[in-house]
Amino acid sequence: MKPFAFERPASVMDAAIAAAVPGASIIAGGTNLLDLMKLQVETPSRLIDINRLALDRIEPTPEGGLRIGTLVRNSDIAADIRVRQHYGVLSRALLAGASAQVRNKATTGGNLLQRTRCYYFYDISKPCNKRRPGSGCAAIGGFNRIHAILGTSQSCIATHPSDMAVAMRVLDAVVETIKPDGSKRAIAIAGFHRLPGSTPQVETVLERGETIIAVRLPPPLPGVHIYRKVRDRASFAFALVSVAAVIQMAGGRIQSARLAFGGLAHKPWRVPAAEQTLEGEAPSPAVFQAAADAVLAGAKGFGSNDFKIPLTRRTLHAVMAQATHS
Amino acid sequence: MPVGRRAVLGTGTAAVFIAGVAPGPDAAAGETRGEATVATVTVELHVNGASHRLTLDPRTTLLDALREHLALTGSKKGCDHGQCGACTVLLDGRRINACLTLAVLHDGQPVTTIEGLADGETLHPLQAAFIEHDGFQCGYCTSGQICSAAGMLEESRAGMPSFVTADLAEPQPPLTDDEIRERMSGNICRCAAYPNIVAAIRKAAEIRA
Amino acid sequence: MEMNSPIGTTPLDRARDGIVGKPLDRVDGRLKVTGGAKYAYEVAQAPEALYGYVVQATIGKGRITAIDKTAAEAAPGVVLVLTHENAPEQARNRRAHPVLNSPDIAYYGQPVALVVARSFEEARAGAYLVRVSYEEASGSYTLKGGLGQARVPSAGYSSPESAVGDFAGVFPKAPVKLDVTYTTPLETHAMMEPHATLAVWDGDSLTLHTSNQMLDQGRAAVARTLRMPVGKVRLISRFIGGGFGAKLSVQADAILAAIAARHLHHPVKVALTREQIFNVTTHRSDTIQRLRLGTDETGRILAIGHDAYSGNLRTESQFEAAADQTRTLYAGANRLTRNRLVPLDAPIASAMRAPGEAVGLLALECAMDELAYRLDIDPIELRIRNEPAEDPEKHIPFSSRHLVECYRAGAERFGWNKRQPRPGQVRQDQWLIGIGMAAATRGNVLVPSSASVRMGPDGIAIVKMAMTDIGTGSYTILTQIASELLGVPPDRVRMELGDTAYPEAAGSGGSFGAASSGSALYVACERLRAVFADRAGLDTDKAEFRDGMIVLGGKAVVLASLVGASGIEVRGEIRPGDMSRKYSQQSYGAQFAEVAVDGDTGEVRLRRMLGVFTAGRILNEKTARSQAIGGMVFGVGAALEEAVVLDPRFGAYYVNHNLADYLVPVHADLPHVDAVFLPELDDRTNPLKAKGVGELGICGAGAAVANAIYNACGARIRDFPITLDKVMSALPAQA
Ligand SMILES: Cc1cc2nc3c(=O)[nH]c(=O)nc-3n(C[C@H](O)[C@H](O)[C@H](O)COP(=O)(O)OP(=O)(O)OC[C@H]3O[C@@H](n4cnc5c(N)ncnc54)[C@H](O)[C@@H]3O)c2cc1C
Ligand code: SF4
Ligand code: FES
Ligand code: FES
């Protein structure tokens, strides 16, 4: 770690102002930031500790949804009985992530903003456009088992590693922020994360100093909630592919289908066309395949991650079969 | 050894404290080798019921504060990146990885380590059960396993679900062996005492139930 | 004592209700569950130690052209930057390597500097400020790419090749032939305690508190490396957080800490980070193994051939002896085994838990399974048909071999009869279920070891030896041996291990630790018994030792009353002898696994596993079972998860060098795993009649899992680990 100054602002507003100073970084749970600071992948000169701000509540919203403060720990969201009963996909996704120890510390905002697990990003002696723009992408042509097959660019093929974000994407959550000038905004999760393009170092639409204060969940979605995480060991491993699904059946047909994917792209991946393919149809392998075709349109493997294409197809099939099984 | 610039850190949330300033190029200039200093912070750590006032480089992880400053070496460093669980301690009763947090973040908060679990000479039921069921070999993951298990049993009692909980809506999921295994998966044991650890946890859970 | 003849009846056999073998709780258990056990980095030291942090090379091969350490030296807290320019010259030897001794970079990640500072954070931050310029050279980094350079290695702990009969002539003509190639990946030991050393100088004497499995060899290696008299070096390792071979030799942490502490006249401690361990220390080489099995129609092996290729740094000679177990496991008149070594510009490959067998059996035992399917013979039956009556290559008897009993007992307990011979027959929801088995074998050795036992007037027996306990339970089983032989309760035995100030001992490696150090202790205790008997005027052979007394007929004398004011101390020593040449010595077992394969994704989940073993006398039922299970889980990891991945564009660069990307089994991976030992005494191995346990569990375990996967879904994956992508591609389309 490089030396840094440590600050503990007294309000959210002060936090945003402090975070806007060049070199400043907010620290929440610290489970991602410190991991990266130890390897000097991140080298903030100021750490802004927001942990003692009153942003740690889950409250009902007037619309019938929930508002989750950014400091609510991942395990507390997962354990909240309202989330368990009405947003099962979110609870399950959170419980699929990391370890209990990490989840007890990890926060809502920190989870959304966690950085990629790309091996080369983690090693500052290796080229990486995300870490050092213009230095090249070592993952292309290298080992890329965990890398993206959708929405990639010539600059970067990293994935966003979060499980929680995938569930939030399927639920159409909204990220609430405050900017250093005091203004607030609500950012739909669909537009929150960016694709790498030619600037993989810019991962979200947040502006300098803009601080997450909460994530809002719309009213609950009826139907079967599933979070399927495919990984290399039974627990405590990142997703190779994950599927967050909320499927509602009516009269033997798929009434509504919402599907978001993790492990495939620089952001949680959701394809409306795939959902439309399913809606109104009776479940069948052919219908599932058509949906998979739509999800995988334009998919491209980079060698060690080629398997993700058939794996996504098969996992989607399995999830749909499970969700539509009467 | 030269003393760094210090600032006292408040525990309230009402004020802004600048706890230290990183030495810019000027700060180091002119000083001879080994004498450049990093601004330090004063932190009050409450560990196992005792309070310790420490002057620390703010970079100090909670784990290093325990091991290197308080000589509480029971908490182990297996990876220093949240990947093994050897450093698991209880913060406000909840298990966390002490390696992935800074001591300064926990000013004033109660921390329990393996050294604080026993009641004098009387071992904590988990500690006794680990011995009885041979829940360890080399012992290096053991403090973490035991602290983690202590936190896990509390979580389970509080009704927290896990990834393998069949029905999330069930307010009090039963603690099956599969549940124990999933919930303990953040603690790697390379000696692979796993079956024995599960047996030990089950035993301790039954004692407390 | 030299082991030149069978030991005959011993006091351990006579004591009906002796403590040896009993599931005694670990005597160091309390220290370990309370956090009181101090590992190397944790030993308190005054003055407080400075912290060293290693800087590694970031090129694959070449040389350092310049090192700029100005920024590092000026950094807060930094007191020393050691590089090849200011490190003392060191001597090469087998169990340690000079560090910072040359500008040459032999492999990626080699240490190029050590930064010492007042705190860990200062040292680490300083390390990032060291600027190294290189001139890169091209190198050979992958086993596959270097196959053309494969050579016959010089003999080490194993001989490179063996040949019996006419393999080349018979194999091609065999009625049933299997010719398959298996590959196993590079693996890291991943013991939980990273390598760590605290170095303290007192004048010209050096004490290293270090995490090392073999202290006496380590001491010699340190002395030679630093050009010091052996007598001036002391190694202390009271507790070791696992080793599995990683800490057999002296690693850079020890040498660097020693050098820095001497330079600074101040204690220095150095721990390698988890990331650094991968390249700075040793690993198990990846292997390419060709198995050729030729049988008659009934499955009797006519010709058996095993070619095994592994790699190592080009200046090293150690090879992964993966072909070795094929020399003794099955019968067959025509045999050929060859270990070949590929010189690489890569970090040093060395022993990892059951070197040779661990990966050799992955290939051999999967090939046997393939053969069983090919012949449509039950895999156990096939193995029984090929059970040799004597060592099939050396033509000497086995010291003891109860492998068939292991198969039978295991089959019975595991429910082998429920196995569906055709793959893919058992389905539960999305899961395809299968079971598989494999044989386990691990060579047994005895190495020289010595011990001292002393009894004072307080009646407490104090045992000393430079033996280590790496989790194996040495403290406990040695306590049991002394307790039983001297007839004192275990809490009257004080076991002092882990210090080269004590009599030289075997150390922990090659599964020889317990038997070798325990035998030395046995001999010492026998001597002490003789002294007691003599002083009590009783017949040694007939007297009993119990409750702190020597007892015979109506006479009972308290031992403590026989030792005089100053106590008695004796030494015991064991050396291998003829027995190891006259008898083929191995531990054996049968491994059984049941797996579930996700029919959609190819994910493999172990459901249950059983190992049934014979390893001579079991010294502690509980700790032996634990070790066996530990080994089995290692095997599960090797079968399903573990692989260090190389990116040769950067040299022998190990991409996934941490525990988030190099996966080892976690709790959730391991449902029901059990290990059982069948009773056995082997009077040709050592006075304890014991054989090695520590590595036996891994042997064959991975193959049983792989064979279960085939039985579950018909996917025969010959490239380990068997990850879901490989399985998935062999699965049928979804319905
Ligand atoms: C070993 C390991 C395994 C893991 N496995 C998984 C897994 O399987 N699945 C998964 O999803 N995740 C996994 N994680 C990642 C984990 O979920 C993240 O580390 C965690 O969610 C980050 O949250 P945090 O609060 O600790 O973030 P921090 O580390 O505190 O912060 C992360 C980033 O977010 C910024 N930030 C935090 N809060 C705010 C805010 N309010 N406003 C603006 N910026 C903010 C910080 O500046 C920083 O850049 C794993 C982590 C580890 C260490
Ligand atoms: S994939 Fe992205 S993060 Fe990884 S090396 Fe390439 S640019 Fe860097
Ligand atoms: S040391 Fe903290 S998780 Fe490994
Ligand atoms: S006891 Fe050795 S790692 Fe768990």
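This is a guided tour of a predicted model, with stops at one ligand site, two chain interfaces and one pair of domains.

Before you click, note that residues are numbered from 1 along each chain as its sequence is written, while chains are lettered from A and ligands numbered from 1 in the order in which they are written. Because this is a predicted model, local features need pLDDT of at least 70 and side-chain atom pairs count only at pLDDT 80 or more, though totals for chains, interfaces and linings use all residues; side-chain values use heavy atoms, with hydrogens and water left out.

**Stop 1: ligand 1**

Select ligand 1 and show the residues near it, meaning those with a heavy atom within 4 Å of it. There are 35 residues around ligand 1, and the ones that come nearest are Ile26(A), Gly30(A), Thr31(A), Leu33(A) and Thr107(A). Now colour by chain: the residues around ligand 1 come from chains A and B, so this site is shared between chains.

Next, look for polar contacts, which are pairs of N or O atoms within 3.5 Å; within protein, one must be able to donate a hydrogen and the other to accept it, and residues adjacent in sequence count only if both atoms are side-chain atoms. Click Gly30(A), where a polar backbone atom sits 2.7 Å from an oxygen atom of ligand 1. At Gly29(A), a backbone N or O atom is 2.9 Å from an oxygen atom of the ligand. Then try Thr70(A): here a polar side-chain atom lies 3.4 Å from a nitrogen atom of ligand 1.

**Stop 2: chain A against chain C**

Show chains A and C together. Contact here means heavy atoms within 4.5 Å, and by that rule 38 residues of chain A touch 38 residues of chain C. The size of an interface is often given as the accessible area lost when the parts come together. Buried area is that loss, worked out with a 1.4 Å probe and summed over both parts. For chains A and C it is about 3100 Å², with 58% of it on carbon and sulfur atoms.

Now zoom in on Arg228(A) and Asp598(C). They form a salt bridge (a side-chain nitrogen of Lys or Arg within 4 Å of a carboxyl oxygen of Asp or Glu), with the closest N and O atoms 2.8 Å apart. Between chain A and chain C the count is three salt bridges, and there are also 18 residue pairs in polar contact (both at pLDDT 80 or more).

Which elements of chain A give two or more residues to the side that touches chain C? Select β9 (224-230) and α11 (308-324) of chain A to see them. Helices (H or I, at least four residues) and strands (E, at least two) are DSSP runs, numbered from the N terminus. The largest share of this side of chain A, seven residues, comes from α11(A).

**Stop 3: chain C against chain B**

Hide chain A and bring in chain B. This contact takes 67 residues from chain C and 60 residues from chain B. About 5100 Å² is buried between the two chains, of which carbon and sulfur atoms give 54%. Highlight Val33(C), Met192(C) and His667(C): they supply 17% of the area that chain C buries against chain B, more than any other three residues.

For a salt bridge, pick Asp134(B) and Arg26(C), whose closest N and O atoms are 2.6 Å apart. The rule finds seven salt bridges across this interface, and the count of residue pairs in polar contact is 28 (both at pLDDT 80 or more). Several elements of chain C give two or more residues to the side that touches chain B, among them α2 (29-33), β4 (78-83) and α16 (621-640). Of the elements, α16(C) gives the most, with nine residues.

**Stop 4: two domains of chain C**

Finally, show chain C alone. An automatic or database domain assignment sets the bounds: domain 1 is 2-37 + 447-576, and domain 2 is 356-445 + 582-730. Their centres, taken over C-alpha atoms, are 35 Å apart.

How many residues of each domain are in contact? The contact involves 33 residues of domain 1 and 25 residues of domain 2. Together the domains bury about 2200 Å². Select Asp13(C) and Arg617(C) to find a salt bridge at 2.7 Å, N to O; the rule finds three salt bridges across this domain interface.
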